[in-house]
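Me: I should like to go through the assignments in this model and ask, for each, on what grounds it is made. Please set each value against its criterion.

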Amino acid sequence: MATPTRQGGSGNGGSGVRASKAGPVRVALLGSGGSIGRQAVDVLARHPDAFRVVALATGSQSQILEEQARLLKPAVVSLADGRAASRLDLPPGTEVVGGPDALEAIATRSDVDLVVVATSGLVALRSVLAALEAGKVVATANKETLVAGGHLVMPLVRRLAAGAAGATGDEHHPLASPLGWLRPIDSEHSAIWQCLVGEKDAAVERLLLTASGGPFLDASVADLATVTPEQALRHPTWTMGAKITIDSATLTNKGLEIIEARWLYDVPLSAISVVIHPQSVVHSAVQFVDGSVKAQLGTPDMRLPIQYALTYPDRMPSPAAAVDLIAAGRLEFRAPDEGRFPALRIAREAGEAGPLASTALISADEVAVARFLSGTLDFNGIPRLLGAAVERFGQGEPAEPTLDQLVAIDADVHRFAEAYR
Ligand SMILES: NC(=O)c1ccc[n+]([C@@H]2O[C@H](COP(=O)([O-])OP(=O)(O)OC[C@H]3O[C@@H](n4cnc5c(N)ncnc54)[C@H](OP(=O)(O)O)[C@@H]3O)[C@@H](O)[C@H]2O)c1
């Protein structure tokens, strides 16, 4: 268990990122054009005194990148689509970097303090490892990095925290905790993080991950077989990217979050429960040994957990509205149904089996969701494909694959999932 310590801060987030230097925290944002990336830009632009955006990287959305560059005036931008990169219309003096190592180059720049990871899939895993090796704080929305590479990421994070504790001589310094270095943006993991502040590891009994249950909470297995992409993309409470919205409808997302929580908080999977909570007001909770349960509540607005990860251990005014408990009215909680939503069970079993199985899960899911959206796989086919991939690739050695081995497995699983009938 890795609980954060209780502490004060500087009021601008700087004390939580660096042991000494004053001034704005210098940020690199990977995946700036996506759903989380655009919300991170919104948060960063509202606090120019606290944050200076040094670098922005996205995949293909050149127009959004140009707008963001005009707004934030970064020193450098990157577009994975190399041909479009050469045609970018940027403020004078903006450097453009490209090529397969662009994300890593950006994440390890000497003028970057904190890297926000808002990319999808495994594309940023190498950059996250490199950024941590270079002593950068990483705030991540991306869960795939931990689901596949938790065994590579967490030892680095623990080493950085131990180093900061030794260097500052202050066990309460924000960077003396692993969560000071690897900061979750996922709303559930941010909620757990916020509940853990000031608590001792030994006091924690169970993590309670809430899930809205998605748009098909009460649908039968027969109904689920005929679900269309349009129906599945209509999430009842959150507005998110297409991939995570489908993952929420199958509950695969919650399964991935269980594995993410296992790494982030260093708890066994058996100490993590999923609670269906259709209103998405309670973002998650922690149960303590004395029977007390602490929860974090909020409106479904990702800008709040994004900002908390940037300003920790401080809080600042945010664009997210505070939750109105009276307007929220009734809050419901119930157990998940793994019979109708088998992805949750498959993910938990993959997490128990280890990184090979977890990597097979996320790689297969990337293809399964794309195939569902393009009409070559039905909704119930998604968990069937996930189960087949985990069974096929999740066994055997190595128990702790290297980064290159993970990349190779990812490619193998993609081929398997494309061909799956
Ligand atoms: N959306 C949410 O509310 C939410 C909530 C919690 C957690 N998350 C997690 O956050 C991550 C991002 O989710 P999202 O919904 O924001 O996804 P998204 O909208 O699909 O955005 C993904 C971003 O990654 C960029 N990208 C892809 N390949 C790249 C490459 N090679 N180099 C640079 N950038 C690249 C994309 O660029 P282009 O678009 O320019 O091609 C896009 O900006 C996922 O792991 C998701 O599970 C999301």
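Me: Which residue of strand 10 is the bridge partner of Arg206?

Reply: In this predicted model, Arg206 has Gln287 of strand 10 as its bridge partner.

Me: What makes strand 8 and strand 10 a pair?

Reply: Two strands count as paired if at least two bridges are found between them. Strand 8 (residues 204-211) and strand 10 (residues 282-288) are joined by four bridges and run antiparallel. The criterion is therefore met.

Me: What is the strand order of the open sheet with mixed pairing, and why are strand 9 and strand 11 described as standing at the edges?

Reply: The order in this sheet of four strands is 9-8-10-11. Strand 9 (272-276) and strand 11 (293-297) each have a single partner strand, so one side of each lacks a neighbour in the sheet. From one strand to the next, the twist averages 20 degrees.

Me: How do you know that helix 12 packs on this sheet?

Reply: Contact requires heavy atoms within 4.5 Å. Helix 12 (residues 252-265) touches strand 8 and strand 9, and its direction makes about 150 degrees with that of strand 8.

Me: What is the order of the seven strands in the sheet with parallel pairing, and what makes strand 4 and strand 7 its edges?

Reply: This open sheet has the order 4-3-2-1-5-6-7. Strand 4 (95-97) and strand 7 (182-184) have a single partner strand each, so each has one side without a neighbour in the sheet. The twist averages 25 degrees from one strand to the next.

Me: How do you know that strand 3 and strand 4 pair?

Reply: Strand 3 (residues 76-79) and strand 4 are paired in the parallel sense over three bridges, and the criterion asks for at least two. In one of these strands, strand 4, Glu95 is the bridge partner of Val76. Helix 2 (residues 62-72) packs on the sheet, where helix 2 touches strand 2 (51-58) and strand 3; the direction of helix 2 makes about 165 degrees with that of strand 2.

Me: Which strands does helix 5 lie across?

Reply: Helix 5 (residues 125-133) lies across strand 1 (25-30), strand 5 (114-117) and strand 6 (137-140), and runs at about 150 degrees to strand 6.

Me: What makes the approach of Gln61 to the ligand a polar contact?

Reply: The cut-off for a pair of N or O atoms is 3.5 Å. A polar side-chain atom of Gln61 is 2.6 Å from an oxygen atom of the ligand, and a polar backbone atom of Ser35 is 2.9 Å from a ligand oxygen atom. For Ala141, a backbone N or O atom lies 3.4 Å from an oxygen atom of the ligand. The protein buries 83% of the 900 Å² that the ligand exposes when taken alone.

Me: How do the residues of the shell around the ligand divide, and which come nearest?

Reply: The shell divides into nine nonpolar, 12 polar and three charged residues. Of the 24 residues, those that come nearest are Gly34, Thr58, Gln61, Glu144 and Asp186.

Me: Why do cis peptide bonds and positive phi values merit mention?

Reply: They merit mention because most peptide bonds are trans, and most residues other than glycine have a negative phi. The bond from Tyr312 to Pro313 is cis, with omega near 10 degrees; Pro313 is in the loop between helix 13 (303-311) and helix 14 (325-328). The bond from Glu397 to Pro398 is also cis, with omega near -5 degrees, and Pro398 lies in the loop between helix 17 (381-393) and helix 18 (403-419). Lys73 has a positive phi, near 50 degrees, and is placed in the loop between helix 2 and strand 3.

Conventions. Residues numbered from 1 in each chain as written. Predicted model: local features only at pLDDT ≥ 70, side-chain atom pairs only at ≥ 80, totals over all residues. Heavy atoms only, no water. Helix = DSSP H or I, 4+ residues; strand = E, 2+ residues; numbered from the N terminus. Axes fitted to C-alpha atoms, helices over the stretch in contact; angles between N-to-C directions. Near = heavy atom within 4 Å. Polar contact = N/O pair within 3.5 Å; in protein donor to acceptor, adjacent residues only side chain to side chain. Areas by Shrake-Rupley, 256 points an atom, 1.4 Å probe, with all protein chains shown as cover. Nonpolar A, V, L, I, M, F, W, Y, C, P; charged D, E, K, R; others polar.
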